[in-house]
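Work through the exercises below with the structure open. Each task is followed by a solution in steps.

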Amino acid sequence: MAITKQNLLALNGDEAVAYAVKQSDVDVVSAYPITPQTIIVERFSEYVHNGEVDTEFVCVESEHSALSMCLTASATGVRVFTASGSAGLALMHEILYVTSGARAPVVMAIVNRALSGPINIHCDHSDSMVERDAGWIQIYVENSQEAYDSIIQAFRIAEHNDLLIPTMVMLDAFVLSHTLESVNVLPDETVRKFVGTRRIPLVRGHRGKLVPFKLDPENPITMGPLDLYDYYFEHKRQQEEAMQIAPRIIKEVHDEYARISGRKYGNGLIEPYRLEDAEIATVCLGSTAGTTKTVVDQLRTKGIKAGLLRLRTYRPYPVQDIVNALENVEAVAVMDRSHSFGAHGGPVFHEMRHILYEASIHPQIVDYIYGLGGRDMPQTLIHEIYRDLQKIVKTKRVEKPIQFIGVRE
Amino acid sequence: MTSEQKGWKEIPIAGVCWRPATDYLTGDWKTLKPVRDKEKCNKCLICYMFCPDGAVTWDPEIEDIGFNLDYCKGCGICAVECPKKAIEMVHE
């Protein structure tokens with residue numbers, strides 16, 4: 001398939017998301033505004049007002065209601081989108097679990113913003129990291145182009161009948177959400193063809209017949225009633241099974257999209273950057289990867305074998321891909337843009353070290369908590385991390401496994 | 001866990017019910033059951049309308065009411081609402 005001719009638009013991250021949603025034939029959008037996600041919903045409501053989309057836009061009084069609205073709309077078999085971040089996402093917490101448990105393939109954009117208090121509107125990943133266990137697929141993007149591409153892919157992933165897993169796409173507050181970027185957009189009809197219409201699988205209903213898995217007066221079913229110690233566990237086990245299949249589907253959708261758009265993000269799960277022969281590497285999520293790639297290039301010109309592993313998909317966690325990418329690296333620094341207070345480092349570090357325990361050769365792994373509340377992560381600080389890694393390789397000793405970088409003493 | 005219970009590979013996703021609610025004999029929840037005094041009852045059917053579980057029955061052939069104890073949870077609403085005080089809740 002030939003790569004489709006595209007339009008180059010000047011869009012910020014939020015606008016890129018809104019544009020992708022506009023093209024994805026979404027039936028229902030319900031959202032509540034929160035900085036820095038507001039532009040997504042504002043732009044989209046303009047599309048609704050102008051008649052550019054055939055979408056029902058439902059105004060609600062809170063994020064808890066917004067996601068409840070989305071969940072129930074999705075249960076009727078239609079395509080649904082919402083967006084949030086920070087305190088808004090926290091208010092959705094309860095319904096995130098209900099949505100994944102109801103196997104409602106809602107797609108949500110999260111503009112990553114710190115959680116209060118003290119109140120802060122800038123970027124870190126603490127809002128979505130606490131939701132990693134909610135049963136949603138989590139995709140973290142590096143730039144606005146990827147935000148656009150990932151939203152389109154997210155509908156195909158979430159609604160895949162082997163998955164039916166709600167999917168959140170994360171973009172960094174302000175750095176992406178409010179920064180103008182050149183974004184290539186596909187023609188409307190190409191996106192519409194790619195996302196298609198939502199397909200509904202069959203389930204066995206209470207009348208003993210196979211009926212469409214949706215709320216439909218013609219074929220009534222009961223979804224998610226009381227589920228106690230006799231069956232709740234089985235339903236959770238089913239969710240895990242779908243998550244086990246998810247990496248394959250995410251890769252397939254990513255590859256199919258790459259064939260029409262010409263854009264790839266690693267294998268869709270991880271994006272290794274100059275890692276093949278790397279001795280030292282960092283691991284990060286989101287927009288920091290862009291800055292880090294520049295640093296890696298600078299180090300490479302000096303003959304330092306530096307690399308980067310960007311995690312694109314954080315749930316499902318691409319265990320084997322990460323092990324394969326990192327097992328021959330000598331020292332790895334994880335960059336965590338959130339912290340688990342009182343724990344041994346940040347959440348990305350926890351799992352990274354955990355899975356490499358089983359690898360044949362494991363690198364030294366250290367953690368850097370950075371960028372909380374929108375604190376800048378300039379190239380100078382990333383260079384500092386690579387210098388520390390060189391020292392670890394040289395001395396074969398880790399002095400401080402967990403550090404806070406960019407914070408004043 | 002009894003052997004009748006199905007495994008996760010067999011059951012529908014998302015807690016969709018694959019059996020009708022009538023399969024669950026919720027009548028075994030009760031500790032009190034309704035007993036009707038046929039002398040006092042004038043078959044006004046107020047109990048029939050108030051029963052939250054549809055456990056009060058009406059048989060048009062014999063033109064009389066009855067209680068389906070498979071689904072009666074023993075809540076006693078029928079006894080409270082009966083204008084003739086014809087229903088008494090008694091221990092099973």
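## Exercises on a predicted model

P316(A) sits in the loop that connects β14 (313-315) with α10 (319-326) of chain A. The model is predicted.

**Exercise 1.** Find the form of the peptide bond from R315(A) to P316(A), then examine the bond that joins S116(A) and G117(A).

Step 1. The bond from R315(A) to P316(A) has omega near -5° and is cis.
Step 2. Between S116(A) and G117(A) omega is about 0°, and this bond is also cis.
Step 3. G117(A) belongs to the loop between β5 (107-112) and α5 (126-129) of chain A.
Step 4. For background, most peptide bonds are trans.

**Exercise 2.** Examine the phi angles of R274(A) and E63(B), and decide whether each residue is buried, partly exposed or exposed.

Step 1. R274(A) is not a glycine, yet its phi is positive, about 50°. R274(A) is placed in the loop between β11 (270-273) and β12 (280-284) of chain A.
Step 2. R274(A) counts as partly exposed because it has 16 C-beta neighbours inside 10 Å.
Step 3. E63(B), not a glycine, has a positive phi of about 50°. E63(B) lies in the loop between β2 (56-59) and β3 (64-67) of chain B.
Step 4. E63(B) has 8 other C-beta atoms within 10 Å, so it is exposed; a residue is exposed with 12 or fewer.

**Exercise 3.** Describe helix α3 of chain A: its span, its buried residues and what they pack against.

Step 1. α3(A) covers residues 63-75, which is 13 residues. From first C-alpha to last it reaches 18 Å, close to the 18 Å expected at 1.5 Å a residue.
Step 2. The buried residues of α3(A) include E63(A), L67(A), M69(A) and L71(A).
Step 3. The buried residues of α3(A) pack against β2 (28-31), β3 (56-59), β4 (80-84) and α4 (86-101) of chain A.
Step 4. E63(A) counts as buried because it has 26 C-beta neighbours inside 10 Å. Beyond its neighbours within four places in sequence, E63(A) is in contact with Y32(A), S84(A), G88(A), L91(A) and M92(A).
Step 5. After α3(A) comes G77(A), with a positive phi near 100°.

**Exercise 4.** How do the axes of α9 and α12 of chain A cross, and which residues meet?

Step 1. The axes of α9 (residues 288-301) and α12 (residues 379-395) come within 10 Å and cross at roughly 60°.
Step 2. The two helices, α9(A) and α12(A), are therefore oblique to each other. The crossing of α9(A) past α12(A) is right-handed.
Step 3. On the α9(A) side, T291(A), T292(A), T294(A), V295(A) and L299(A) take part; they meet Q379(A), I382(A), H383(A) and Y386(A) of α12(A).
Step 4. By class this contact has 4 nonpolar, 5 polar and no charged residues.

**Exercise 5.** Place L164(A) and list what it touches, then describe the contact between the chains.

Step 1. L164(A) is in the loop between α6 (144-159) and β7 (167-172) of chain A.
Step 2. L164(A) is buried because 22 other C-beta atoms lie within 10 Å.
Step 3. Not counting residues up to four places away in sequence, L164(A) touches R103(A), P105(A), A242(A) and I13(B).
Step 4. The contact between the chains takes 22 residues from chain A and 13 residues from chain B. The side of chain B that touches chain A has 9 nonpolar, 3 polar and 1 charged residues.

Methods. Residues numbered from 1 in each chain as written. Chains lettered and ligands numbered in written order. Predicted model: local features only at pLDDT ≥ 70, side-chain atom pairs only at ≥ 80, totals over all residues. Contact = placed C-beta atoms within 7 Å. Nonpolar A, V, L, I, M, F, W, Y, C, P; charged D, E, K, R; others polar. Helix = DSSP H or I, 4+ residues; strand = E, 2+ residues; numbered from the N terminus. Expected span 1.5 Å × (residues − 1). Buried ≥ 20, exposed ≤ 12 C-beta atoms within 10 Å, placed from the backbone. Axes fitted to C-alpha atoms, helices over the stretch in contact; angles between N-to-C directions. Parallel < 35°, antiparallel > 145°, perpendicular 65-115°, else oblique. Left-handed = near helix turned anticlockwise from the far one by under 90°.
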